[in-house]
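Thanks for coming. I will take the chain pair, then the DNA side, then the cysteines. Please look at the model on the screen.

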2 protein chains.
Amino acid sequence: MDKRTQIINTALSAFYLRGIHAVGINEILKEAGVAKKTLYNHFVSKDELICACLELRDQRFNQWLYEQLENCNTPFEVAYALFSALSAWIDNKVSELGPFNGCFFINTAAEFPHSEHPIAMLCKAHKESVLQLLFDKLSHTEQLKGQLEKTIQLAQLLMTLKEGMICQARVTHSSNTLLQDPVLLRQLIASSI
Amino acid sequence: MDKRTQIINTALSAFYLRGIHAVGINEILKEAGVAKKTLYNHFVSKDELICACLELRDQRFNQWLYEQLENCNTPFEVAYALFSALSAWIDNKVSELGPFNGCFFINTAAEFPHSEHPIAMLCKAHKESVLQLLFDKLSHTEQLKGQLEKTIQLAQLLMTLKEGMICQARVTHSSNTLLQDPVLLRQLIASSI
DNA sequence: TCAGGGGTAGACCGACTTGTCTACATTTAG
DNA sequence: CTAAATGTAGACAAGTCGGTCTACCCCTGA
C-alpha cells in the first residue's frame with residue numbers, strides 16, 4: 001500500500017476513535033510504521049493530515065450511504081433505508097465505516113469551533129453533501145416529483161433526525177429504535193408531504 | 001464572588017467556547033485572576049474541574065428549559081416552545097446560556113470517547129435528565145394522559161429532533177427554521193399520537 | 001498580638017506536543 | 001552502474017501541558 005494512504009488510514013482511525021487533540025503525531029507514526037520525515041514529506045502539517053482524513057471519511061461515508069439508498073423509490077423507502085442503515089452502523093455492523101463513535105465531522109467540528117478554519121469548513125461541506133444526497137434521492141420519487149418545497153422540507157427533516165439519532169447514540173452509548181418503526185415513519189413522512 | 005464559583009464560571013465559558021483539550025489550566029487561571037494553588041485547593045485535577053463545569057451547565061440549561069416550557073399544556077405547545085427556545089439560543093438571544101456553540105455535553109462527549117469515564121457519564125446523565133423533563137411535561141397534558149407508550153415515543157422524537165437541530169446549527173453555523181413551522185409541527189405531533 | 005487559613009506569584013518538574021534536521025539505507029530510473 | 005528520490009530512525013528544538021511546591025502576603029478571630 002502507498003505510504004500516503006497508509007498514513008491517512010491510520011490517522012483517520014485514531015482521530016475518529018479517540019478525538020483529534022487526543023492523538024499525537026508520534027502515535028500515528030508508530031502505528032503506521034512510518035518515519036516522521038515521510039509524514040512531513042506528504043503533509044505540511046498535522047492540520048493538513050486532518051483535512052485528508054476528513055476528505056477520505058467524507059468519500060467513504062457518502063459512498064456507503066449512496067449504496068444504502070440505491071434501490072429506494074418512495075420517500076418511505078428512503079427514510080426506512082436511511083434509519084436502518086444508521087442503526088446498523090451504530091450497532092457496529094458496518095465494516096466499511098469501522099467501529100461506531102458518532103459522526104466524525106460533528107466530533108471534529110466540536111474540536112475546531114472557529115467557523116472559518118479549513119477543518120470546520122470541511123465538516124460543514126460534508127453535511128451539505130449528505131443533505132444533497134437525500135434531496136436527490138427524494139426528488140426522484142414519484143410522490144415528490146415537481147414538489148420542490150416539500151422535497152427540501154423532507155430532506156431537511158430526515159437530516160435533522162439523522163444527526164439527532166447519531167448524537168444520541170454517541171452520548172448515551174445506546175441505539176434508539178424509535179425511527180425504525182415503519183408505522184411512525186410512514187406517519188412522519190405523510191405529515192411532511 | 002466566591003473563588004471557587006469564579007473559577008468554574010471562567011472555565012465553563014472557555015471550555016464551552018473553545019473545547020476542553022484546547023484550553024489549558026494556565027489560561028483559565030489568568031482569565032479568572034486566580035493563583036494556581038487556589039485552583040488546586042478546590043479541585044484535585046483538571047478532570048474534576050471539568051466535572052464541576054458540566055454540573056453547572058446541566059443545572060443552568062435544565063433550569064432555562066424548564067422555564068421555557070412552564071406554561072405549556074398541550075404536546076403542540078411543548079414542542080413549539082421547545083424549538084422556539086432552541087432557535088433563540090442558536091441565534092444568541094439567550095443570555096443565560098451565553099454565546100451559542102452547540103451542546104456542551106455533546107461537544108465534551110466527543111472529546112472523551114471512553115464510556116466509563118466520569119466526564120462521559122455526566123454527559124449521558126444530562127441527556128437523560130432533559131429527556132425526563134420533556135417526558136414529565138408531555139405526560140401532564142390532557143392529550144397524553146395515561147398513554148405511557150405514546151408519551152415516551154413523542155418525548156424521544158422531540159429529543160432526537162432537538163439534538164439534530166443543535167448539531168446542525170453547530171456544524172453548519174446557521175439556524176434551521178424548519179421546526180418552527182407550526183403547521184409541520186402539528187402534523188408531526190399528530191402523527192406520533 | 002499573634003496564629004492560622006486562604007490567598008498570590010510564579011519557579012519548577014517531567015512528560016508530552018508539533019515540527020526540523022542529520023545520517024544513513026533502500027529503491028528506482030536512466 | 002550510478003545518481004536521485006524516497007525511505008528509516010531518532011535526536012533535537014522550542015514550546016505547552018497538568019500538577020507540585022516554595023515563599024510571601026493579608027485578613028480574621030481568639
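Which residue of chain A comes closest to the rotation axis? That is G164(A), with its C-alpha at 1.8 Å. Before going on, the conventions: this is a predicted model, in which local features need pLDDT of at least 70 and side-chain atom pairs count only at pLDDT 80 or more, while totals for chains, interfaces and linings use all residues. Residues are numbered from 1 along each chain as its sequence is written, chains are lettered from A and ligands numbered from 1 in the order in which they are written, and side-chain values use heavy atoms, with hydrogens and water left out.

Back to the axis. A turn of 180° with a shift of 0.0 Å along the axis lays chain A on chain B, at an RMSD of 0.0 Å; the superposition is by least squares on the C-alpha atoms of residues with pLDDT of at least 70 in both copies. The two copies are therefore related as by a two-fold rotation axis. Both copies use the same surface, since 100% of the contact residues of chain A recur in chain B, where contact means heavy atoms within 4.5 Å.

Now DNA strand D. There are 16 residues around the strand, and T38(A), I25(B), K36(B), Y40(B) and K46(B) come nearest; a residue counts as near if one of its heavy atoms lies within 4 Å. Of the strand's atoms that come within 4 Å of the protein, 53% belong to sugar and phosphate.

Three polar contacts, that is, pairs of N or O atoms within 3.5 Å, go to phosphate oxygens of the strand. T38(A) has a polar side-chain atom 2.3 Å from one, and K3(A) has one at 3.1 Å. From K46(B), a backbone N or O atom lies 2.7 Å from a phosphate oxygen. Two or more residues of this surface come from each of α3 (36-42) of chain A and α3 (36-42) of chain B; helices are DSSP runs of H or I, at least four residues, numbered from the N terminus. The most comes from α3(A), with four residues.

Last, the cysteines. How many disulfides does the structure hold over all chains? Zero, taking a disulfide as a pair of cysteine sulfur atoms within 2.5 Å. For C123(B), the nearest cysteine sulfur is that of C103(B), 7.8 Å away. C123(B) has a relative accessible area of 0%, so this residue is buried, meaning under 20% with a 1.4 Å probe and protein chains only. C72(B), at 10%, also counts as buried.

Definitions and conventions:
Polar contact = N/O pair within 3.5 Å; in protein donor to acceptor, adjacent residues only side chain to side chain. Buried < 20%, exposed > 50% of the residue type's maximum accessible area, 1.4 Å probe, protein only.
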